[in-house]
Amino acid sequence: MEDVVIADYLRTPFSRSRPNEPERDVFNSERMVDLAARLVKTMLERKKVNPADVGDVLTGCTMQMGEQTLMGGKVVPILAEMPVTVPSAGIDRVCCGGMFALHTAAMEIMLGYSDVTVACGIEHMTHLGMDPTVNPHIGFSPTLMRDEYSLPYDLPTAISMGLTAEKLFAECKNELKMTKEDLDKWGVRSHNLAEKALNEGYFKDELMPVEVTLADGTKKVIDSDQSIRKGANLEATAALNPSFKPDGVITPGNSSPLNAGATAMLLMS
């Protein structure tokens, strides 16, 4: 098999998604397919790669049809001004869609089908959130929830990552000798390290700044991730209310935030 190398990678900053208050998301005026296309075009230009040499462009997204509907059916290669001879595909493997796009793009090179591929990952949780009341593209079959074959799998919990985390903690806390304080400490450490990396310019080379139009009509350049809790400390984090169960342990301070953003990676043999 061919060896695969990462030739370049680039991403937008991640905004903080707000499905119920879209005007508060700095990326509300943006479409992630469009931003992914700009990432791809920028990578190809700075690495001096002929777009016609790209063998495939694969994009992972949890709700492909919803995102495509928002973009009027346009796809990354077209928006990136690549030749119509460059094929592309959307991949929906829910939470690991972007990673699976990368795996597939690498396999194409390993097996000799392409010498150059591009893998993207996009998500816009403000426009396409996991709440059926704000996202017409999502829904669950009541039959599936009652089916005798599905009952052992606890689907109402499985479709919620927050409830899944609560269940895992309840089942494993004694074995792992873990407390809610441990979760909060992990969350604080994560945000502190992210803030440190941001201040030291660690993300500078991988971020493409994006000029956006805010709700009041003003323009702003977004050049850093918006969900980092700057100055996070244990006392404030421990005081946050649980998000998924009244007596739960999963809070906004010890779990991942909802984000909007686009990522891209250039692979070569």
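Which residue forms a salt bridge with Lys180? In this predicted model, the partner is Asp184, and the closest N and O atoms of the pair are 2.6 Å apart. That pair sits in a protein of 269 residues, 40% of them buried, with a secondary structure of nine helices and eight strands. Here's a quick tour, starting with the whole chain and ending at the surface.

**The big picture**

- The accessible surface comes to about 15,300 Å², and carbon and sulfur atoms account for 55% of that.
- Take the contacts between residues at least 6 apart in sequence: 77% of them join residues at least 24 apart.

**The nonpolar cores**

- The largest nonpolar core has 32 residues, and Phe27, Val40, Val54, Met82 and Val118 are the ones that touch the most other members.
- Helix α1 (32-46), β5, β6 (210-213) and β8 each put in at least two residues of this core, and α1 gives the most, with nine.
- Val40 is a good place to start looking: setting aside residues up to four places away in sequence, Val40 touches Val76, Ala80, Met82, Val118, Cys120 and Ala264.
- There's also a second, separate core of nine residues, with Ala105, Ala106, Ala119 and Met265 among them.

**Helix α4 and its buried glutamate**

- Helix α4 covers residues 97-110, and its 14 residues should span 20 Å at 1.5 Å a residue; the end C-alpha atoms are 20 Å apart, so the two agree.
- On the buried side of the count, α4 has Gly97, Ala101, Thr104, Ala105, Ala106, Glu108 and Ile109.
- The cover over those buried residues includes four strands, namely β3 (56-60), β4 (88-91), β5 (116-124) and β8 (259-268).
- Glu108 belongs to this helix, and it counts as buried because its relative accessible area is 15%, under the 20% cut-off.
- What does Glu108 contact, leaving aside its neighbours within four places in sequence? The list runs to Asp56, Leu58, Tyr113, Ser114 and Thr117.
- Glu108 and Val4 are 104 residues apart in sequence, yet their C-alpha atoms are 9.6 Å apart in space.
- After α4 comes Gly112, with a positive phi near 85 degrees.

**Helix α8 and its salt bridges**

- Helix α8 has 20 residues and reaches 29 Å from first C-alpha to last, close to the 28 Å expected at 1.5 Å a residue.
- Its buried residues are Leu183, Asp184, Gly187, Val188, His191, Glu195, Ala197 and Leu198, and they pack against α7 and α9 (234-238).
- Back to the opening pair: Lys180 and Asp184 are about one helical turn apart, because they're four residues apart in α8.
- The two ends of that bridge differ in exposure: Lys180 is partly exposed at 23% relative accessible area, whereas Asp184 is buried at 2%.
- Another bridge in α8 links Glu181 and Lys185, with the closest N and O atoms 3.7 Å apart; these two are also four residues apart, about one turn of the helix.
- Glu181, at 41% relative accessibility, counts as partly exposed, and so does Lys185, at 43%.
- Gly201 follows α8 and has a positive phi, near 75 degrees.

**Salt bridges elsewhere**

- Searching the whole structure turns up nine salt bridges.
- Arg11, Glu206 and Asp225 are joined into one network by salt bridges that share partners.
- Glu21 pairs with Arg24, and their closest N and O atoms are 3.1 Å apart.
- Both of these residues are partly exposed, Glu21 at 34% relative accessibility and Arg24 at 46%.

**Positive-phi lysines in loops**

- Lys48 has a positive phi, near 55 degrees, despite being a residue other than glycine; you'll find Lys48 in the loop between α1 and β3, exposed at 74% relative accessibility.
- Lys177 likewise has a positive phi near 55 degrees. Lys177 lies in the loop between α7 (161-176) and α8 (180-199) and is exposed at 70% relative accessibility.

**A nonpolar surface patch**

- Met1, Met107, Met110, Leu111 and Tyr113 make up a nonpolar patch on the surface, and together they have about 620 Å² of accessible area.
- Met1 comes from the segment before β1 (5-11) and counts as exposed, at 80% relative accessibility.

Methods:
Residues numbered from 1 in each chain as written. Predicted model: local features only at pLDDT ≥ 70, side-chain atom pairs only at ≥ 80, totals over all residues. Heavy atoms only, no water. Patch = residues over 30% accessible without salt bridge, like charges linked within 9 Å, V, L, I, M, F, W, Y side chains within 5 Å. Areas by Shrake-Rupley, 256 points an atom, 1.4 Å probe, with all protein chains shown as cover. Salt bridge = Lys/Arg side-chain N within 4 Å of Asp/Glu carboxyl O. Buried < 20%, exposed > 50% of the residue type's maximum accessible area, 1.4 Å probe, protein only. Expected span 1.5 Å × (residues − 1). Contact = heavy atoms within 4.5 Å. Core = buried A, V, L, I, M, F, W, Y, C linked by side-chain atoms within 4.5 Å.
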